[in-house]
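Let's take a walk through a protein together. Have the picture ready to turn around, and we'll go from the whole chain down to single residues.

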Amino acid sequence: IAPLDLLRRAGVDVLTVGVNGKIVYGSHKIGVEADILLSEMDLTNLDMIILPGGLGGVASARASKEAMSALKFAWDNDKFVAAICAGPTVLADLGITSGKNATCYPGCEDGMGDAIMVNDAAAVADGKLITGASAGCAVPFGLELIRALLGPDAAAAVEKQIVIR
C-alpha cells in the first residue's frame, strides 16, 4: 500500500488490479478493494506494471495465465516492470530479471534465476526493471517508482512531503 500511496501523492494515475476478484487480501488478511479486475486492464495504456509481494499474491500471479501474460506484455513492450518482496521471483520465472541487477525478499534468492543479486539494497533499478526487497523497504521502492516515472525532483518532493527521518 505504501508505494501506491506515494505514487498517488506524486500525481501518478494508478489503478489497482484484482486477479481473483475486487477484494484482494494480503499476507496478513488485510483486505483492499481493487479499482479494476485483471480482465478490465488496458495493457496498451500503461507506463508501468507493479507486482506486489507476499506469498499468496505471488501464487495468485503465477496461477493466472492472464497476469503472467500482462507482465510479459509490459516487458516486451518496453514498459517499466516492478515487483517487491517475493514478487521479483515471478519476474524471474518470465526471464525478465535475467542478467539484470535486482533484489528480493531475503531467502527468495534461489528463485531469482540468473539475476545479478544486490542483496543489501532496499530497491534496485536496472533500466526498465525495478525491484524491492521487502515490506520494510516499501517507501524506498515507492520513491524509486516515482523516480522512474517522473524523475528525481518528483521523488525528492514526495520524500520531503512524507518527512523521512
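We'll begin with the overall build, then look at a sheet, some helix packing and a couple of residues.

One thing to keep in mind from the start: this is a predicted model. The protein chain holds six helices and ten strands. If you drew a box around its C-alpha atoms along the principal axes, the box would come out at roughly 40 × 35 × 35 Å. Is the chain folded up like a compact globule? A better way to put it: what radius of gyration would a compact globule of 165 residues have, and what does this chain have? The globule would be near 15 Å and the protein chain has 15 Å, so the two agree. As for the inside, 41% of the 165 residues count as buried. Folding also brings together parts that are far apart in the sequence: take the contacts between residues at least 6 apart, and 49% of them join residues at least 24 apart.

Now find the sheet. Four strands make it up, in the order β5-β6-β10-β9, and it is an open sheet with mixed pairing. At the edges sit β5 (48-51) and β9 (123-126), each of which pairs on one side only. Going from one strand to the next, the twist averages 10 degrees. What holds such strands side by side? Strands of a sheet pair through backbone hydrogen bonds, either parallel or antiparallel. Here, strand β6 (residues 80-84) and strand β10 (residues 129-132) run parallel and are joined by four bridges. To see the match-up for yourself, look for V81, which stands opposite L129 in β10.

Next, the helices, with α5 as our meeting point. Helix α1 (residues 2-9) packs against α5 at an angle of about 35 degrees, and their axes are 8 Å apart. The crossing of these two is right-handed. On the α1 side, the contact is made by A2, P3, L6 and L7, while α5 brings a longer list that includes V139, F141, L145 and I146. Sort the residues of this contact by class and you get eleven nonpolar, one polar and no charged.

On to the other partner. Helix α6 (residues 152-161) comes within 7 Å of α5, axis to axis, and the two cross at roughly 145 degrees. This crossing is right-handed too. In α5, the residues involved are L143, I146, R147 and L150, and they meet P152, A154, A155, V158 and E159 in α6. By class, that makes seven nonpolar, no polar and two charged residues.

Let's zoom in on two residues of α5. The helix covers residues 138-150, and E144 is one of its members. Is E144 buried or exposed? Its relative accessible area is 18%, so E144 is buried, since the cut-off for buried is under 20%. Beyond its neighbours within four places in sequence, E144 is in contact with A123, A125 and I130.

L149 lies in α5 as well, but its relative accessible area is 26%, which means L149 is partly exposed. Which residues does L149 touch, leaving out those up to four places away in sequence? They are L7, V12, D47, M48 and F80. For a sense of distance, compare M112: L149 and M112 are 37 residues apart in sequence and 25 Å apart in space, C-alpha to C-alpha.

Terms used. Residues numbered from 1 in each chain as written. Predicted model: local features only at pLDDT ≥ 70, side-chain atom pairs only at ≥ 80, totals over all residues. Heavy atoms only, no water. Buried < 20%, exposed > 50% of the residue type's maximum accessible area, 1.4 Å probe, protein only. Contact = heavy atoms within 4.5 Å. Pairing = 2+ DSSP bridges. Axes fitted to C-alpha atoms, helices over the stretch in contact; angles between N-to-C directions. Left-handed = near helix turned anticlockwise from the far one by under 90°. Nonpolar A, V, L, I, M, F, W, Y, C, P; charged D, E, K, R; others polar. Rg over C-alpha atoms; globule rule 2.2 N^0.38 Å.
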